[in-house]
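Load the model and switch to a cartoon view. The stops below go from one sheet to the whole chain, then to ring contacts and a second sheet.

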Amino acid sequence: MSRRGKTVKASLAAAALGAAMLLAPTAAHADVDVIHQSVDFDYLSADRIVTVTVKVQSRAGITGVDAEVRNPTTAEPYMTLPLKLVDGTDKDGTWQVRFRADTENHPGRNVVKMLLHAADGTTETALGLFTDCYPTSFADFQYGPKAVDIEHSDVTFRGRVLVQKSRDVAPEPAGGVTVQAESGETRTNVDGTYEMTVTGAPTMVKVPRQGTLCGNSQPAGYEVAMQATETSGRVVSVQPTADGATVSVHALVLRHGSGGLVPAEGVAVTPVIDNGTSPEFTPAWARTGADGTVDLTFPAPYSGRLSLRASDTFFLTGGSADLGQLDIWKTARIGDLAVSPRPVGYGAPLKVSGLLSGDWGPMAAKPLLLEFSADGRTWTRIGTATSTATGAFSFGTTATKKDGYWRARYAGDALYKPAVSASAYVDVRYGTSIAGFNASPEPVKKGKTLTVKGQLFRFMDKKLPGPNAPVSIYFQAKGSSKWSQVAVVKTASTGWFSKTFKASQDGTWMASYNGSAGYLASNKPTDYVDVQ
């Protein structure tokens with residue numbers, strides 16, 4: 001994808017350079033409190049005097065304060081000076097010392113370490129610093145051309161570098177001074193003049209701090225003719241890992257040069273993954289080579305839309321390229337599917353359970369779907385469940401009014417592919433129940449007639465009598481653990497059944513409908529009869 005070229009104004013604000021002062025108190029001893037400290041230095045003063053001041057409080061009293069001056073910081077002190085009490089007392093007073101800076105022998109950053117000696121024998125420290133150098137400035141600064149582009153980026157700088165040793169004297173030429181502009185470097189002539197040509201249109205020229213001279217800089221602004229770019233790329237490989245995938249892509253950035261499309265070197269290219277829910281993922285970046293290409297290998301934690309983003313440069317507008325959908329899915333599996341009861345009663349509860357696992361173990365807190373199909377081809381969503389920490393899941397449903405197939409489905413996510421369990425066929429049968437069961441009379445005389453009766457019901461969408469169904473009648477003699485079938489009777493249209501027997505011994509009577517292809521077995525009511 002390309003972006004239209006444009007012309008912009010590039011400039012940098014000049015950086016101001018002045019005297020430096022650092023106040024860095026150390027942790028005070030319980031009896032010594034540093035209230036204030038300072039190292040004051042005016043590097044344009046003619047006398048170049050440094051003033052070190054510290055205000056201290058101490059219950060025991062301060063017996064003395066010394067200042068150690070170092071250049072550089074790690075060197076041994078080149079000067080140690082005692083501070084005088086200039087205000088207050090040894091328990092609450094201000095100590096001070098003034099000395100002349102040695103610019104010629106100790107230019108640059110000087111560290112002052114103040115040693116505070118207390119009457120109880122302890123010594124505490126406080127730190128400060130001053131930068132000792134002569135300020136520099138630019139005069140007669142010129143550069144050209146004032147309009148540049150990536151194909152015409154050579155710029156020539158010229159001018160003079162001056163140094164001022166005090167505010168009482170005018171700046172004078174600084175000869176033999178290093179002048180830099182990005183990778184370019186030159187030295188001034190005796191009269192402070194310099195001239196150099198640098199590629200890349202540097203945004204400033206600077207004099208680094210050197211010897212007794214302070215550093216300084218001079219900004220340069222250009223009209224920059226931006227060139228548009230075109231970015232393209234392709235996915236080279238996707239290698240699954242435990243945490244996602246390692247992805248390799250190849251990118252190409254071309255610019256619209258004066259002679260047509262040519263490679264764009266030094267452009268930062270970043271891959272971007274967007275899955276629509278998480279924040280954009282930008283895992284890495286690299287710059288194009290001389291041929292405009294760059295290869296990136298990076299981790300991808302989830303699937304999503306993969307694109308490449310080429311950043312703007314000083315001379316080029318950036319762009320982007322859509323590489324399409326990145327799929328780094330791992331494999332998910334649903335196992336140990338259990339469905340019970342089988343068969344199940346019409347409209348009765350059915351339980352479906354199993355385990356969801358992936359390439360690296362159980363998959364926790366994942367949503368699953370319970371699906372039903374009467375023919376094993378067209379599936380309907382019935383319910384939902386969420387896997388536990390062990391990957392286990394369980395559905396409960398009463399949508400059991402048809403024979404058919406049941407299965408669990410995991411819809412997948414940005415990391416795992418969808419998974420479907422094996423299906424289990426469940427036969428749905430109508431429930432049955434025997435009510436009003438009775439063996440009478442009770443008690444009954446031995447040899448007399450005993451009547452066993454009850455009513456069979458079937459449960460469809462509502463409770464109905466069970467007509468013309470075989471009901472088995474069982475007897476268990478008192479003291480026995482064995483049931484004996486003594487009769488099979490058919491129910492009437494009303495579901496009622498009845499059978500007479502000759503009473504012979506004490507015992508328990510039971511009735512049972514034992515089920516069929518369309519009906520479940522009934523309950524088994526019992527009634528004990530005492531035979532006298």
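In which sense do strands β23 and β24 pair, and over how many bridges? Select residues 286–287 for β24: the model, which is predicted, pairs this strand with β23 in the antiparallel sense, over two bridges.

**First stop: the sheet around β23**

Select residues 268–274, which make up β23. Six of the seven residues in this strand are buried, so by the cut-off used here each of those six has under 20% relative accessible area. On the β24 side, show A268 and R287, which stand opposite each other.

Now add residues 304–310, strand β26. β23 and β26 run antiparallel and are joined by six bridges. Two places to label along this pairing are I273, which stands opposite L306, and D274, whose bridge partner in β26 is R305.

Widen the selection to the whole sheet. It is open, has four strands in the order β24-β23-β26-β27, and pairs them in the antiparallel sense. β24 and β27 (319–326) are the edge strands; each has a single partner, so one side of each lacks a neighbour in the sheet.

**Second stop: the whole chain**

Zoom out and colour by secondary structure. The protein has 46 strands and zero helices. Its radius of gyration is 48 Å, well over the 24 Å that the globule rule gives for 532 residues, so the protein is more spread out than a compact globule. Aligned to its principal axes, the C-alpha trace spans about 145 × 80 × 30 Å.

Colouring by accessibility shows the buried residues, which are 43% of the 532. Of the contacts with a separation of 6 or more, 61% are between residues 24 or more positions apart.

**Third stop: aromatic rings**

Show Phe, Tyr and Trp side chains. How many aromatic pairs does the structure hold? The count is 16. One of them is F372 with W406, a tilted pair with 4.8 Å from centre to centre and 50° between the planes. This pair links distant parts of the chain: F372 is in strand β32 (residues 367–373) and W406 is in strand β35 (residues 404–410), 34 residues apart. Are F372 and W406 buried or exposed? Both F372 and W406 are buried.

Next, select F138, F141, Y143, F157 and Y222, which form one aromatic cluster. Keep Y143 on screen and add K146, which lies over the face of that ring at 4.7 Å from its centre. For another lysine over a tyrosine, select K165 and Y134: the charged end of K165 sits over the ring of Y134, 5.3 Å from the ring centre.

**Last stop: the sheet around β42**

Select β42 (residues 470–477) and β45 (residues 507–512). These two strands run antiparallel, with six bridges between them. Within this pairing, I473 stands opposite A511 of β45.

Then show the full sheet, an open one of four strands with antiparallel pairing, in the order β43-β42-β45-β46. Which strands stand at its edges? They are β43 (484–490) and β46 (526–529), each with a single partner strand, so one side of each is left without a neighbour in the sheet. View this sheet along its strand order to see the twist, which averages 25° from one strand to the next.

Note on methods: Residues are numbered from 1 along each chain as its sequence is written. This is a predicted model: local features need pLDDT of at least 70, side-chain atom pairs count only at pLDDT 80 or more; totals for chains, interfaces and linings use all residues. Side-chain values use heavy atoms; hydrogens and water are left out. Buried means under 20% relative accessible area, exposed over 50%, partly exposed in between (1.4 Å probe, protein chains only). Two strands pair if DSSP finds at least two bridges between them. Rings of Phe, Tyr and Trp (its six-membered ring) pair if their centres lie within 6.5 Å; planes under 30 degrees apart count as stacked, over 60 as edge-to-face and the rest as tilted. A charge sits over a ring if NZ of Lys or CZ of Arg is within 6 Å of the ring centre and within 35 degrees of the ring normal. Axes are lines fitted to C-alpha atoms, for helices over the stretch in contact, and angles run from 0 to 180 degrees between N-to-C directions. The radius of gyration is taken over C-alpha atoms; the globule rule is 2.2 Å times the number of residues to the power 0.38. Contact means heavy atoms within 4.5 Å.
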